[in-house]
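Please find below my notes on the model under review. They are set out as numbered points, to be read beside the coordinates.

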Amino acid sequence: IYPLCSVIFLPIILLFKKPSKAFLKKVVAPIAFVTSALGYSFVPIGEPDLIRYYQQIEKMRYIPFLTVIKADKDFLYTRDAIFWIIAQIGCPQLLAYFVGFTFYWIAYYILVDQINRSKKQFTSIEIAMLFLIPLGTVPLFSIISNVRCVLAFALILFASYRDLVQNKKN
């Protein structure tokens with residue numbers, strides 16, 4: 001219940017403070033962190049990608065990093081590096097947390113940027129409602145269970161947004 005309360009609590013903060021552009025930028029990461037806490041406590045059921053990835057992470061726990069990289073025949077070095085780091089920490093649930101944080105940080109980053117670019121002056125209540133939209137339209141557990149596609153989509157979306165909307169080429 002704690003993570004759910006945190007997710008509901010953060011938009012309520014917006015109701016008590018007149019949100020400035022700087023404040024909205026600062027609140028993106030904390031909201032993504034507490035949203036990700038739901039992913040950390042998620043217990044997958046059935047056969048989602050996440051169960052297979054947990055098994056792969058457990059196998060990497062006592063294998064040296066260079067051995068993991070040399071054994072990779074699919075050239076998935078970034079995935080292997082992330083899995084190996086999580087395996088060394090000894091907490092496979094960090095993968096679900098990482099995916100949830102990355103996805104929701106990008107979603108809230110784009111939302112806040114669009115709010116700041118808008119000519120409309122949003123009220124605190126309108127902003128709080130806008131912050132609830134990503135939680136309602138993109139189910140957290142679907143994101144966390146489907147690691148590959150969701151993470152790839154979010155990163156491509158973020159790169160495209162920075163390039164096409166913000167004109168930031170870096």
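The points go from the overall fold to the core, then to the surface, the charged pairs and single residues.

1. Status and fold. The model is a predicted one, and every remark here should be read with that in mind. The protein has 9 helices and 0 strands. Read from the N terminus, the order of elements is α-α-α-α-α-α-α-α-α.

2. Global numbers. The protein has 170 residues, and 42% of them count as buried. Taking contacts between residues at least 6 apart in sequence, 76% join residues at least 24 apart. The accessible surface is about 10200 Å², and carbon and sulfur atoms account for 69% of that area.

3. The nonpolar core. The largest nonpolar core holds 40 residues. Leu50, Leu95, Tyr104, Tyr108, Ile115 and Phe131 have the most contacts inside it. Two or more residues of this core come from each of helix H2 (21–40), helix H3 (49–59), helix H5 (77–89), helix H6 (93–117), helix H7 (124–137), helix H8 (140–145) and helix H9 (147–164). H6 gives the largest share, with 12 residues.

4. Helix H3. Which residues of H3 are buried? They are Asp49, Leu50, Ile51, Tyr53, Tyr54 and Ile57. The buried residues of this helix pack against H5, H6, H8 and H9. Leu50 is also one of the residues with the most contacts inside the largest nonpolar core.

5. Gly39. This glycine belongs to helix H2. Gly39 counts as buried because its relative accessibility is 0%, and the limit for that class is under 20%. Apart from neighbours within four places in sequence, its contacts are with Ala96, Tyr97, Leu140 and Ile144. Gly39 and Val99 are separated by 60 residues in sequence, while their C-alpha atoms are 8.2 Å apart in space.

6. Nonpolar surface patch. Ile125, Met129 and Leu132 make a nonpolar patch of about 280 Å² on the surface. Of these, Met129 lies in helix H7. That helix is also among the elements giving two or more residues to the largest core.

7. Salt bridges. How many salt bridges are there? The count comes to 4. Side chains of opposite charge can pair when their charged atoms come close. Three of the pairs are described in the next points.

8. Asp80 and Arg79. The side chains of these two residues form a salt bridge with an N to O distance of 2.7 Å. Asp80 counts as buried, at 2% relative accessibility, whereas Arg79 counts as partly exposed, at 26%. The pair therefore joins a buried residue to a partly exposed one.

9. Lys120 and Glu126. Here the N to O distance of the salt bridge is 3.0 Å. Lys120 is partly exposed, with a relative accessible area of 41%. Glu126 also counts as partly exposed, with a value of 31%.

10. Lys169 and Asp163. The salt bridge between these side chains has an N to O distance of 2.6 Å. Lys169 is exposed, at 66% relative accessible area. Asp163 counts as partly exposed, at 29%.

11. Cysteines. A search of the whole structure returns 0 disulfides. Is Cys91 buried or exposed? Cys91 counts as buried, at 14% relative accessibility. Cys149, by contrast, counts as partly exposed, at 47%.

12. Asn167. Most residues other than glycine have a negative phi, and most peptide bonds are trans. Asn167 is not a glycine, yet its phi is positive, at about 55°. This residue sits in the segment after H9. Asn167 is exposed because its relative accessible area is 54%, and the exposed class is over 50%.

13. Points to check on screen. For the interior, begin with the 12 residues that H6 gives to the largest core, then turn to the side of H3 that packs against H5, H6, H8 and H9 through its buried residues. For the surface, look at the patch made by Ile125, Met129 and Leu132. For backbone geometry, look at the positive phi of Asn167.

Terms used: Residues numbered from 1 in each chain as written. Predicted model: local features only at pLDDT ≥ 70, side-chain atom pairs only at ≥ 80, totals over all residues. Heavy atoms only, no water. Helix = DSSP H or I, 4+ residues; strand = E, 2+ residues; numbered from the N terminus. Buried < 20%, exposed > 50% of the residue type's maximum accessible area, 1.4 Å probe, protein only. Contact = heavy atoms within 4.5 Å. Areas by Shrake-Rupley, 256 points an atom, 1.4 Å probe, with all protein chains shown as cover. Core = buried A, V, L, I, M, F, W, Y, C linked by side-chain atoms within 4.5 Å. Patch = residues over 30% accessible without salt bridge, like charges linked within 9 Å, V, L, I, M, F, W, Y side chains within 5 Å. Disulfide = S-S within 2.5 Å.
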